[in-house]
Amino acid sequence: MQKRRKLNDILLFAGTLLLALVFFFPILFNIMSAFKSNAEIMKDAIAFPKGLYLDSFKYLLMETEYPRAILNSLILTAISILFMILLIPMAGYAIERHDKRWTRAVFVFFLAGMMIPFQAYMIPLFKELKMLGLYGNLAGPVMIYISGSVGFGSLLYTSFLKGIPKEIEESAEIDGCSKYGIFWRIVFPLLGPCTATLVVLNGLGIWNDFLMPMLVLPSGQTKTMIVEIFYYVGEFSSRWDMIFAGTTMSIIPILIVFLSLQKYFVKGIASGAIKG
C-alpha cells in the first residue's frame, strides 16, 4: 500500500513538473528573446542570447510612445480596480445580508450578464459609448471593466460573506455604529482575501486586455501597452525584438502584484468555493 502511494506521488509530481515546464517555456522563450536582436531571433529563435542586447529596451523607452502606453495601462488598471473595490463589495454585502425578492432578482440579473458573450453586445455597447461621450478616452474602458466585473464580483463576495457571522454586525449596531460604519470598519477588513482575489483576477484581465483598448481608443492616440506592442507586428515584417522586450516589461509589474497577493488570492478562492 505504501509503495503504491509513493508511486502515485511520484507520478503526480512528474505530471505536475511536466505541466509546469510546458507553461513556463513561453515565458522563458519571451525573456530570452527580449535580450536578442531581431536578426538573432530570426536566425535561431530558441537559442540562448549571446549577450545582453539592451538596445530594444532603450529604443522602446527613449524613442517611442511606450512609456506613455505604460502610464495609460497603469491608470486604466488602477482606476478600474479602485472603483471595483469601492462598489462591488457593497453590492455583494447588500445582496447577502438583505435576502429579499428584489435583491435576489438583482443578483440573478448580475449573474445573467456573465452568460452573455462580449461579442454579442459589442457593437451596441460602442454606440452607447459614443452617445455618452465616453468613446475615445480612458473613461470608456473603465466603465466597461467596472460594469463587466459586477457579476463575478458579487458572486465572489456573497459566497465569502456566508462565512462571516452576523452576530459581529449586530453587536456593532447595538453599540451605535451606522450601517456604513459596520461595513467599512468591521466587515470589509474581514473580506481581505476576497478583495485580493478580485484585484488579482480583474487586474490581470485589464492589464493584459487587447480588444477593448484597441476598439475604444481611436487610432492616432497613445494606446495601452498591449496595443502599442501590436503595432510592431507588420504584414511583411515584424520587429520581434521590440515585441519581446515590450512584453517582458509588461510582465514585471503584474508579476510583482501577483506574488504580493498570492497568499490572499489562494485563500480567497478556497474560502469562496467552500462557503459557496
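User: Before we start, what does buried mean here?
Analyst: Buried means under 20% relative accessible area, with exposed over 50% and partly exposed in between, using a 1.4 Å probe and protein chains only. This is a predicted model, where local features need pLDDT of at least 70 and side-chain atom pairs count only at pLDDT 80 or more, while totals for chains, interfaces and linings use all residues. Residues are numbered from 1 along each chain as its sequence is written, and side-chain values use heavy atoms, with hydrogens and water left out.

User: Great, so what percentage of the chain counts as buried?
Analyst: Of its 276 residues, 38% count as buried.

User: And how many helices and strands are there?
Analyst: The chain has 13 helices and zero strands; these are DSSP runs numbered from the N terminus, H or I of at least four residues for helices and E of at least two for strands.

User: Which helix should we look at for burial?
Analyst: Try α10: 12 of its 16 residues are buried, so it is largely enclosed by the rest of the structure. Among the buried ones are P193, C194, N202 and W207.

User: Nice. On to pockets, what is the volume of the largest?
Analyst: About 950 Å³. A pocket is an open set of points on a 1 Å grid over the protein atoms alone, where a 1.4 Å probe fits, with protein on both sides within 12 Å along at least five of seven lines; lining residues have an atom within 4 Å of a point. The volume is the space filled by probe spheres set on the points, which are joined across faces, edges and corners.

User: Which residues are closest to its centre?
Analyst: Of the 29 lining the largest pocket, those are Y121, I144, S147, G148 and S149.

User: Where does the largest share of that lining come from?
Analyst: From α7, with nine residues. Helices supplying at least two residues each include α7 (139-161) and our buried friend α10 (192-207).

User: What's the lining like by class?
Analyst: The largest pocket has 20 nonpolar, seven polar and two charged lining residues. Ala, Val, Leu, Ile, Met, Phe, Trp, Tyr, Cys and Pro count as nonpolar, Asp, Glu, Lys and Arg as charged, and the others, Gly among them, as polar.

User: What about the second largest pocket?
Analyst: That one has a volume of about 320 Å³. It has 13 lining residues, and the closest to its centre are Y93, R97, H98, E169 and K179. By class, its lining has six nonpolar, one polar and six charged residues.
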